[in-house]
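Let's walk through this model together, moving from one packing contact to the next. Please keep the viewer open as you read.

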Amino acid sequence: MELARLSVVLRPRGGWESLDLGFQMARAWWRPVWGVWLALYLPLAAALLIAFRDRLWLALLALWWAKPLLDRFVLHVVSRAVFGEAPSVRETLGAWREILTPGALAGLTVLRIDLARSFMLPVWLLERQTGGAARARRRALGQRMRYYAVWRTVLCAHFEAIVFLSLGVAG
């Protein structure tokens, strides 16, 4: 990790400003972020829609349930782009073993309903911490910032619901 190549300014930020920085980074690196997300989401959605064509709600539920896996791939792209090396879709998909370990199973089971899951994901994926060290790190981060992470999840879930309802009404 070469801090000299960092494309964001390191400084203390408040909770809302930190969230805004995340949205700014997503806008700045939209091509690699959306490229990898769509490369994973579209085939998965197609397969689930075909598999559950008689019960569409099950396909939508499975897509929603799989979102923590997609988040891991997006975080991988952003974590590299911060250092000026946004990986291609092929490079990102090729790193699937690194991206899915540790914690992918926990992300789909016990941690799936944690509203601050995306905030804690870097502890698992980037810092690669497990066990007591990971719990201590999550506790330390959560004391100050968990509130903001939960509100981000709530706001984004409402936005997503509005988009889906709008598509349903338009369709």
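**A walk through the helices**

Leaving aside its neighbours within four places in sequence, Leu 126 is in contact (heavy atoms within 4.5 Å) with Leu 75, Ser 79, Arg 80 and Leu 121. Before going further, please note that this is a predicted model, in which local features need pLDDT of at least 70 and side-chain atom pairs count only at pLDDT 80 or more, while totals for chains, interfaces and linings use all residues. Residues are numbered from 1 along each chain as its sequence is written, and side-chain values use heavy atoms, with hydrogens and water left out.

Leu 126 sits in the loop between H8 and H9; helices here are DSSP runs (H or I, at least four residues), as strands are (E, at least two), numbered from the N terminus. With a relative accessibility of 39%, Leu 126 counts as partly exposed, on a scale where buried means under 20% relative accessible area, exposed over 50% and partly exposed in between (1.4 Å probe, protein chains only). For a sense of distance, its C-alpha atom is 22 Å from that of Gly 14, which is 112 residues away along the chain.

Now follow the contact to Leu 75, which lies in helix H4. Is Leu 75 buried or exposed? At 18% relative accessibility, Leu 75 counts as buried. Beyond its neighbours within four places in sequence, Leu 75 touches Leu 121, Pro 122, Leu 125 and Leu 126. The C-alpha atoms of Leu 75 and Pro 122 are separated by 7.7 Å, although the two residues are 47 apart along the chain.

These contacts bring us to the packing of two helices. H4 and helix H8 (residues 117-125) pack at an angle of about 60°, with their axes 10 Å apart; axes are lines fitted to C-alpha atoms, for helices over the stretch in contact, and angles run from 0 to 180 degrees between N-to-C directions. That angle makes H4 oblique to H8, given that angles under 35 degrees count as roughly parallel, over 145 as roughly antiparallel, 65 to 115 as roughly perpendicular and the rest as oblique. On the H4 side you will find Pro 68, Asp 71, Arg 72, Leu 75 and His 76, which meet Arg 117, Leu 121, Pro 122, Trp 124 and Leu 125 in H8. By class, this contact of H4 with H8 has 6 nonpolar, 1 polar and 3 charged residues. Here Ala, Val, Leu, Ile, Met, Phe, Trp, Tyr, Cys and Pro count as nonpolar, Asp, Glu, Lys and Arg as charged, and the others, Gly among them, as polar.

H4 has another partner to look at. The axes of H2 and H4 come within 9 Å and cross at roughly 155°, which makes H2 roughly antiparallel to H4. H2 brings Pro 32, Val 33, Val 36, Trp 37, Leu 40 and Tyr 41 to the contact, and H4 brings Leu 70, Phe 73, Val 74, Val 77 and Val 78. The class count for H2 with H4 is 11 nonpolar, no polar and no charged residues.

Let's turn to the interior. The largest nonpolar core (a set of buried Ala, Val, Leu, Ile, Met, Phe, Trp, Tyr and Cys residues joined through side-chain atoms within 4.5 Å) has 15 residues, and those with the most contacts inside it are Leu 6, Val 8, Met 25, Trp 29, Val 33, Val 78 and Val 82. Helix H1 (15-28), helix H2 (30-51) and helix H4 (67-81) each supply at least two residues of this core, and H4 gives the most, with 4 residues. A second, separate core of 6 residues includes Leu 48, Ala 59, Leu 63 and Leu 70. Back in the largest core, Trp 29 is in contact with Ser 7, Val 78, Ala 81 and Val 82, leaving aside its neighbours within four places in sequence.Finally, return to H8 and the helix that follows its loop. The axes of H8 and H9 come within 7 Å and cross at roughly 150°, and the two helices are therefore roughly antiparallel to each other. In the loop between H8 and H9 you will also find Arg 128, whose phi is near 60°, a positive value in a residue other than glycine. A cis peptide bond runs from Thr 101 to Pro 102, with omega near -10°. Most residues other than glycine have a negative phi, and most peptide bonds are trans.
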